[in-house]
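Trainee: I am new to this structure. Please pick one part, look at it closely, and then show me the rest around it.

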Amino acid sequence: MIVGSGEFRYEFVPDWGRGPRGVESFGEAIAVAVDSQDRVYVASRRPEPRVLVFSPAGELLSTWGQDVFTVPGGLHSIWISDEDEVLCADALDHFVRRLTTEGELLQTLGTPGDPGTPGTPFNMPTKAVLSPSGDILVSDGYGQERVHRFSSSGQLLCSWGTKGSEHGEFDTPHGVWVDSDDRVWVADRANDRIQIFDADGRFLNQLGDLAWPNDVAVDSERNVYVAEAYCGISIFSAEGELLARWGEKGPAPHQFGDMPHGVAVDSHGDLYVAEVVEPDLFHKLERV
């Protein structure tokens, strides 16, 4: 079955990543990222936090992270730069870590196990990414309604946000991405919108008409992909025009479960969607 519309049409790949050369179970797949070779990294937070690495065809290549993410259920996001730098946020252990694609630890932001003080990083961070200039942006979304920008060395440069629904306010900033123009896209989940800021946190624009946006990804052509709970996937232009939207709940291979939580796109335009509430749901959608 083909989903989507216009230039953004996809076909679900049944049983991707499963079978003798894959896995029997993804566990609770909470997030997904793709590296420069189109290898797929699935962050699974239960039964034990770990990262599963697959080929584009769905063959399991490796696993890592059990020694890096030690609090059950803590691993919350994974993101990979064009230079294959990996950033992960641990929501329950209150830290962000930079790693290699083999899972070697390079840098830690925050103090594991310490939620800090109100207004300071981190209290249950939800996602971390790099900007084109090398700064680190973090949505600190569960314990406080903040976004933080750090230098590449880990120095806190600025923070913004407080609880509310006005411009620059958040109700669970759950995902973050920085596009090629250094604009910061924040999935403001419980406010049903994405807010767009400059690098210093000044409000620029927003996308509404969303249903609990969990994650946002921007491709090299500046198309914006949004994983929405209860709804599915929406695709926008960089200017905010809705280009495609689809999703329905159900058990069929072309349907989603309860909550698309993470989204990633590879160099061919294929999509990967991680779901979190319903165990063992992970999808590949090939662009047609």
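**A close look at D84**

Mentor: Start with D84, which counts as buried because its relative accessibility is 17% and the cut-off for buried is under 20%. Keep in mind that this is a predicted model.

Where is D84 in the chain? Look at the loop between strand 7, residues 75-80, and strand 8, residues 86-90. D84 is part of that loop.

Now look at its partners. Set aside the neighbours within four places in sequence. D84 is then in contact with D35, S36 and T101. With S36 there is a polar contact: side chain to side chain, at 2.7 Å. Q37 gives another way to place D84. Along the chain, D84 and Q37 are 47 residues apart. In space, their C-alpha atoms are separated by 9.1 Å.

Move on to D35, one of the residues that D84 touches. D35 sits in the loop between strand 3 and strand 4, and strand 4 covers residues 40-44. So here a contact joins two loops: D84 is in one, D35 in the other. D35 is buried too, because its relative accessible area is 5% and under 20% is what buried requires.

What does D35 touch, leaving out residues up to four places away in sequence? The list is Y41, I80, D84 and T101. T101 is thus in contact with D35, and D84 also touches T101. Y41 has a further link to D35: their side chains share a polar contact of 2.8 Å. The side chain of D35 has a polar atom 2.9 Å from the backbone nitrogen of Q37. For a distant reference point, take R146. It is 111 residues from D35 along the chain, and the two C-alpha atoms are 28 Å apart.

Next, R98. This residue is in strand 9, which runs over residues 95-99. How accessible is R98? Its relative accessibility is 9%, so R98 counts as buried. Two polar partners stand out for a closer look. The side chain of Q107 makes a polar contact with the side chain of R98 at 2.9 Å. The backbone oxygen of S152 is reached by the R98 side chain at 3.3 Å. Both Q107 and S152 are also in the contact list of R98. That list, without residues up to four places away in sequence, further holds E85, V86, L87, E104, L105, L106, L130 and I136.

Now the rings. How many aromatic pairs does a search of the whole structure find? It finds 15. One pair is F12 with F256, and its geometry is edge-to-face. The centres are 5.6 Å apart and the planes meet at 65 degrees. F12 belongs to strand 2, residues 8-12, while F256 is in the loop between strand 22 (242-246) and strand 23 (260-265), so this pair ties together parts 244 residues apart in sequence. F12 and F256 are both buried.

Another pair is F26 with F54. This one is tilted, with 5.6 Å between centres and 45 degrees between planes. It also links distant parts of the chain: F26 lies in the loop between strand 2 and strand 3 (29-34), F54 in strand 5 (residues 50-54), and 28 residues separate them. F26 and F54 are buried. They belong to one aromatic cluster, together with W16, Y272 and F282.

Charges meet rings as well. R97 lies over the face of F95, 4.2 Å from the ring centre. R189 does likewise with W212: its charged end sits over the ring, 4.1 Å from the centre.

Finally, step back to the whole protein. There are 25 strands and zero helices. The radius of gyration is 17 Å, close to the 19 Å that the globule rule gives for 288 residues, so the protein is as compact as a globular protein of that length. Along the principal axes, its C-alpha atoms fill a box of roughly 45 × 40 × 30 Å. Of the 288 residues, 57% are buried. D84, with its 17%, counts among the buried ones. Take the contacts between residues at least 6 apart in sequence: 43% of them join residues at least 24 apart. The exposed area is about 11400 Å², and carbon and sulfur atoms supply 47% of it.

Note on methods:
Residues are numbered from 1 along each chain as its sequence is written. This is a predicted model: local features need pLDDT of at least 70, side-chain atom pairs count only at pLDDT 80 or more; totals for chains, interfaces and linings use all residues. Side-chain values use heavy atoms; hydrogens and water are left out. Helices (H or I, at least four residues) and strands (E, at least two) are DSSP runs, numbered from the N terminus. Buried means under 20% relative accessible area, exposed over 50%, partly exposed in between (1.4 Å probe, protein chains only). Contact means heavy atoms within 4.5 Å. A polar contact is a pair of N or O atoms within 3.5 Å; within protein, one must be able to donate a hydrogen and the other to accept it, and residues adjacent in sequence count only if both atoms are side-chain atoms. Rings of Phe, Tyr and Trp (its six-membered ring) pair if their centres lie within 6.5 Å; planes under 30 degrees apart count as stacked, over 60 as edge-to-face and the rest as tilted. A charge sits over a ring if NZ of Lys or CZ of Arg is within 6 Å of the ring centre and within 35 degrees of the ring normal. The radius of gyration is taken over C-alpha atoms; the globule rule is 2.2 Å times the number of residues to the power 0.38. Accessible areas come from the Shrake-Rupley method with a 1.4 Å probe; for residues, only the protein chains shown count as cover.
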